[in-house]
Amino acid sequence: ASFLANPSDVRDWNIQGLPADAFSTENGVITTRGSRWPLMIDPQQQANKWVKNMEKSHDLQVVDVQMADFMRTMENAIMFGTPVLLQNVFEELDPALEPILAKAFFKRGNQTLLKLGDKEVDYNFDFKLYITTKLRNPHYTPEVSTKSSLVNFTVKEQGLEAQLLNTVVKKERPDLDKQKNELVVKVAQGKRKQTELEDLILYMLSTATGSLLDNVELIEPLDSSKTTWEEVNESLKVAEETSRKIDEASASYQPCAVRASILYFVLNDLALIDPMYQFSLEAYAELFNGSIQKSPKSDNLQERIKSLNDYHTYATYKYTTRGLFEAHKLLLSLQMCVKVLQSANLVNMDEWDFFLRGGTILDRSQQPPNPAAAWLKEEAWDNLTELDK
């Protein structure tokens, strides 16, 4: 990402809705720089939102596979060079998209053409195609996988932590957030200036004639370039040191991001109990923002973090239980409690596994005989002997 993406571009992507964590930045690089059209696995709709904002100024066409005339929109976009977002696709893509995915264009004279069905369409190289699916774990055929760049935008726990940390810092310390954004711009400008100076020096050396030592026109600009280079280098060192201090100050809010991230994944796992339980990341982010605003304020950082965590944990419980069957409410509170304790290393994992699975014995030759088989079932005796270990 540091090689293929310009820091100022990454900052623009973040403003446009791409999460600021490293995983999402790498996804953004693959999406924008890949030689094949990106097919984005996007259950939380983060990629969808980002593409819409990024390509808004380029007259983005948003189409759905259920639309009757989506191929006509596609033809027009290919001719006029406008970007297209094909959203909500399933595991099988429409065969009509095959030549577009394969980039099967051909030359006729000065024209570049693409055959779509029985039509030949002029191909404009400004055309871009983005494909998104809401499926969490789709299985695409090798034909689709080789003709597109599969990019997984499903949010990960670490990635969500980074996003939520940015949210907390933005709300709690807007001064740090502003300073960090200014630094990104400053560093990007400094590096651009250095590249320009390098190019200028190389150009002057390659076009210089005669002895370089006697060429005053060459020596003076080289001298001033060296001075400018050193100034820029010094300012970059200061900027990087300041950036490190900002990151350290931001990291003090990490416990809030960790707790909020854990709670979101508890909600996410509820879909395994009943597919009806679906929770949007966007709605959860709003809930977290509300908790930051409404939780008790304090000048003591540790007290503030504790009050925010307590408030948000209860707010998440209240928000979620409104949509649960009565039978699943106790399960939710147990999961929330255990996950929070696990993150603090306060749960003995052997005991937790025993609680979930019970005692299963594969080799009974080592097991003592059941002393009271008349009233103690075999399963209960297995549990007792395993627990005794």
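User: Is phenylalanine 153 buried or exposed?
Analyst: Phenylalanine 153 is buried, with a relative accessible area of 3%. Keep in mind that this is a predicted model.

User: OK. Which residue has its ring paired with phenylalanine 153, and how far apart are the centres?
Analyst: A search of the whole structure turns up 12 aromatic pairs. In one of them, the ring of tryptophan 50 has its centre 6.3 Å from that of phenylalanine 153. The planes are at 35°, so this pair counts as tilted.

User: Where do tryptophan 50 and phenylalanine 153 lie?
Analyst: Tryptophan 50 is in helix α3, residues 46-54, while phenylalanine 153 is in the loop between β8 (148-152) and α7. Those parts are 103 residues apart in sequence, so the pair ties them together. Tryptophan 50 is buried as well, with a relative accessible area of 0%.

User: What about the rings of phenylalanine 279 and tyrosine 319, at what angle are their planes?
Analyst: Their planes are at 55° and their centres 6.4 Å apart, so that pair is tilted too. Phenylalanine 279 sits in the loop between α10 and α11, and tyrosine 319 in helix α12, so the pair links parts 40 residues apart in sequence.

User: And how do phenylalanine 279 and tyrosine 319 count, buried or exposed?
Analyst: Phenylalanine 279 counts as buried at 16% relative accessibility. Tyrosine 319 counts as partly exposed, at 23%.

User: Which residues do ring pairs link into a cluster?
Analyst: Trp37, Phe105, Tyr123, Phe125 and Phe127 are linked that way. Trp37 has another partner: the charged end of lysine 103 sits over the ring of tryptophan 37, 4.2 Å from its centre.

User: Where is lysine 103?
Analyst: Lysine 103 is in the loop between α5 (98-101) and β4 (105-108). Its relative accessibility is 28%, so it counts as partly exposed. The backbone is worth a look there too, since phi of lysine 103 is near 50°, a positive value in a residue other than glycine.

User: Which other residue has a positive phi although it is not a glycine?
Analyst: Glutamine 45 has one, with a phi of about 65°. You'll find glutamine 45 in the loop between β1 and α3. At 25% relative accessibility, glutamine 45 counts as partly exposed.

User: Let's talk about β1. How many of its residues are buried?
Analyst: Five of its five residues are buried, so strand β1 (residues 37-41) is mostly covered. In a regular strand, side chains alternate between the two faces of the sheet. Here both faces of β1 are covered, with Trp37, Leu39 and Ile41 on one side and Pro38 and Met40 on the other.

User: In what sense do β1 and β8 pair?
Analyst: β1 and β8 pair in the parallel sense, over five bridges. Tryptophan 37 stands opposite serine 148 in β8. β1 is also joined to strand β7 (residues 128-133) by three bridges, and these two run parallel. There, leucine 39 stands opposite isoleucine 131.

User: New topic. Which residues touch the most other members in the largest nonpolar core?
Analyst: Those are Leu160, Tyr264, Leu270, Tyr284 and Leu332, in a core of 36 residues. The elements giving two or more residues to this core include α7 (157-172), α8 (174-207) and α9 (216-251). α10 gives the most, with eight residues. There's also a second, separate core of 24 residues, and Leu39 from β1 is among its members.

User: What does leucine 332 touch?
Analyst: Not counting residues up to four places away in sequence, leucine 332 touches Val266, Leu267, Leu270, Tyr317, Thr320, Thr321 and Leu324.

User: Which loop holds histidine 328?
Analyst: Histidine 328 is in the loop between α12 and α13. It's buried, with a relative accessible area of 18%. Its side chain makes a polar contact of 2.8 Å with that of tyrosine 277. Leaving aside neighbours within four places in sequence, histidine 328 is in contact with Ile273 and Tyr277.

User: Last one: what does the side chain of serine 295 reach?
Analyst: It reaches the backbone oxygen of serine 291, at 2.7 Å. Serine 295 lies in the loop between α11 and α12, and at 2% relative accessibility it counts as buried. Beyond its neighbours within four places in sequence, serine 295 is in contact with Arg304, Ser307, Leu308 and Tyr311.

Definitions and conventions: Residues are numbered from 1 along each chain as its sequence is written. This is a predicted model: local features need pLDDT of at least 70, side-chain atom pairs count only at pLDDT 80 or more; totals for chains, interfaces and linings use all residues. Side-chain values use heavy atoms; hydrogens and water are left out. A nonpolar core is a set of buried Ala, Val, Leu, Ile, Met, Phe, Trp, Tyr and Cys residues joined through side-chain atoms within 4.5 Å. Buried means under 20% relative accessible area, exposed over 50%, partly exposed in between (1.4 Å probe, protein chains only). Helices (H or I, at least four residues) and strands (E, at least two) are DSSP runs, numbered from the N terminus. Contact means heavy atoms within 4.5 Å. A polar contact is a pair of N or O atoms within 3.5 Å; within protein, one must be able to donate a hydrogen and the other to accept it, and residues adjacent in sequence count only if both atoms are side-chain atoms. Rings of Phe, Tyr and Trp (its six-membered ring) pair if their centres lie within 6.5 Å; planes under 30 degrees apart count as stacked, over 60 as edge-to-face and the rest as tilted. A charge sits over a ring if NZ of Lys or CZ of Arg is within 6 Å of the ring centre and within 35 degrees of the ring normal. Two strands pair if DSSP finds at least two bridges between them.
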